[in-house]
Amino acid sequence: MYDSPNPFLNGNYAPWREEGDAFDLEIEGELPRELNGALYRIGPNPHFKPLGRYHWFDGDGMVHAFILRDGRAAYRNRYVRTDGLKAEMKAGRALFGGLIEQPCELPPELPPFKNAANTNIIGYANRLLALFEAASPHELKPLTLETVGLFDFGGKLTGPVTAHPKFDPVNGDLLFFGYQPFPPYATWYRAGRDGKLIESRPIDTGLPVMMHDFIATDNYAIFFVCPSVFHIENAAAGKPMVIWEPQHGTKIGAMNRKTGEVKWFQDEAFYVFHFLNAYEENGSLVVDGCRRESLDMTGNSFGGKPLSWRWNLNLKDGSLRQRQIDDLSTEFPRFDERLAGRRHRYGYFAGGNPGSPDSDTGFKALLKRDYQTDKLEVHDLGKNFAPGEPVFVPRNAQSSEDDGWVLAVWYDEELNRSEMVVLDAQNFAGAPVARIKLQHRVPWGFHGNWVPAQ
């Protein structure tokens, strides 16, 4: 679109700048009437031609909503109107640099970096929040996707909020953290279901690192301090601000949620973007996630193939055991979040197709892993299709872990358009229950969530 060799500005990574609404979408199959709500997806979508070197993480956030009701489907998409984007719209051009491009000369009223609001979107406290881990969330109106403004948890929070908060399945509390390149490097937070902050606690990680995700159990919050180290001083010199420094290794901290005490485990260097879940078992913490050998934030690759791993942190003797699950590329792990912090059986991933010769190159299929039997099921729509992140939706509040649907947005390279596909989780490899067709594509993005109708 911008006549750039950058892969994150071409193909289905290229921005889709049109905002709009579509009603009574074409549906192949039959949409379950129990699906009454919306799947919200968000991702980077630069509104203007980027200045200098563009990284995928830099683009302006655009929300895509698939609204389902009474067996019918509608679609709406809008940019998140951040202060940075509004300033650029007023100027008619890009003003900000990005992750691998030094900040440009900006008007004095603007911050040096843009809150892109592009990474995750959740329903919380009767609000819709667009998340960006380097800054505060943006509140949106769930129906219209209109941007309300920054959300500060009742005026109690001004710092960054992770793009991967967790919901406590018992009381509905929102569990999250924020990281920054100066002390305290990380802060733990807990907020009530009413949107008010209840607890904040600094965490001494010993190193200013990019920490994308964390995981929690009933009694612990678990942080992987991987050596993707911030060097803010590099910005003025036009050098990358995040450098991989494997000599530090990876530290894993298990924070007691009641006392705040942190027990640390030391390991070799590796990086984790996303965790599936964690639970407590016989005095240990069991953690499932996607591990890669390193992280490269300096160019157009991330360094290392993401693989499913399991860690066992023994809280009694301080030992650490871990194992790689298989050799298959897997990312964007999701599960039945009613089991957050509890033992889970199933996990869903976007990943490589084990039956495809090019299974190592990008996402080709959706995968369902049974951690009890080690069985792996694959859903592949065909050679021209590639999926985004899967989202599990239970059939109802009382249904079992595996009783529900898996929703994902797929891209059809041949027709250059996208569709939302509904799978029966208990017939994962079978034909889709429904395929909701769009007449245009949804660019590759990051995360999304199902929000039931109120």
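**Exercise 1. A charged pair and a ring**

Is Glu293 buried, partly exposed or exposed, and at what relative accessibility? Then work out which charged partner Glu293 meets, and over which ring that partner lies.

*Solution.* The model is a predicted one, and each step below reads a value computed from it. Step one: at 45% relative accessibility, Glu293 counts as partly exposed, because that class lies between the limits of 20% and 50%. Step two: the side chain of Glu293 meets that of Arg291 in a salt bridge, with a distance of 3.4 Å from N to O. Step three: Arg291 is buried, its relative accessible area being 2%, so the salt bridge joins a buried residue to a partly exposed one. Step four: Arg291 also lies over the face of Trp309, at 4.0 Å from the ring centre. A second charge placed over a ring is that of Lys368, which lies over the face of Tyr346 at 4.6 Å from the ring centre.

**Exercise 2. Salt bridges and the parts they join**

Determine how many salt bridges the structure has, and explain what the pair of Arg76 and Asp21 ties together.

*Solution.* Step one: the count comes to 33 salt bridges. Step two: in one of them, the side chains of Arg76 and Asp21 meet at 2.4 Å, taken from N to O. Step three: Arg76 belongs to strand S5 and Asp21 to strand S1 (residues 20-22), so this pair ties together parts that are 55 residues apart in sequence. Step four: Arg76 counts as buried at 17% relative accessibility, whereas Asp21, at 36%, counts as partly exposed.

Step five: Asp336 and Arg338 also form a salt bridge, and their closest N and O atoms are 2.6 Å apart. Here the acidic residue is the buried one, since Asp336 has a relative accessible area of 3%, while Arg338 is partly exposed at 29%. Elsewhere, salt bridges that share partners join Glu28, Glu419, Arg435 and Lys437 into one network.

**Exercise 3. A four-stranded sheet**

Describe the open sheet that contains strands S6 to S9: its order, its pairing and its edges.

*Solution.* Step one: the order of the four strands is S6-S7-S8-S9, and the pairing is antiparallel. Step two: strand S6 (120-124) and strand S9 (147-150) are the edge strands, each of them pairing on one side only. Step three: from one strand to the next, the twist averages 30°. Step four: strand S8 (residues 138-140) pairs with S9 in the antiparallel sense over three bridges, and the partner of Leu140 in S9 is Thr147.

**Exercise 4. Unusual backbone values in loops**

Find where the cis peptide bond between Pro183 and Pro184 lies, and which loops hold Asp70 and Asp374.

*Solution.* As background, most residues other than glycine have a negative phi, and most peptide bonds are trans. Step one: the peptide bond from Pro183 to Pro184 is cis, its omega being near -10°, and Pro184 is found in the loop between strand S11 (174-179) and strand S12 (186-191). Step two: Asp70 has a positive phi, near 55°, and lies in the loop between strand S4 (61-69) and strand S5 (72-79). Step three: Asp374 likewise has a positive phi, near 65°, with its place in the loop between strand S25 (365-370) and strand S26 (376-379). Step four: the relative accessible area of Asp70 is 45%, which makes it partly exposed, whereas Asp374 is exposed at 56%.

**Exercise 5. Cysteines and aromatic rings**

Explain why Cys226 and Cys290 form no disulfide with each other, and state how many aromatic pairs there are.

*Solution.* Step one: the structure holds zero disulfides. Step two: the cysteine sulfur closest to that of Cys226 is in Cys290, but it is 13 Å away and therefore too far for a bond, given that a disulfide needs sulfur atoms within 2.5 Å. Step three: Cys226 counts as buried at 1% relative accessibility, and Cys290 is buried with a relative accessible area of 1%. Step four: for the aromatic rings, the count comes to 29 pairs. Step five: one aromatic cluster is formed by Phe8, Tyr13, Trp56, Phe57, Tyr271, Phe273 and Phe446.

Methods. Residues are numbered from 1 along each chain as its sequence is written. This is a predicted model: local features need pLDDT of at least 70, side-chain atom pairs count only at pLDDT 80 or more; totals for chains, interfaces and linings use all residues. Side-chain values use heavy atoms; hydrogens and water are left out. Rings of Phe, Tyr and Trp (its six-membered ring) pair if their centres lie within 6.5 Å; planes under 30 degrees apart count as stacked, over 60 as edge-to-face and the rest as tilted. A charge sits over a ring if NZ of Lys or CZ of Arg is within 6 Å of the ring centre and within 35 degrees of the ring normal. Two strands pair if DSSP finds at least two bridges between them. Helices (H or I, at least four residues) and strands (E, at least two) are DSSP runs, numbered from the N terminus. Axes are lines fitted to C-alpha atoms, for helices over the stretch in contact, and angles run from 0 to 180 degrees between N-to-C directions. Buried means under 20% relative accessible area, exposed over 50%, partly exposed in between (1.4 Å probe, protein chains only). A salt bridge is a side-chain nitrogen of Lys or Arg within 4 Å of a carboxyl oxygen of Asp or Glu.
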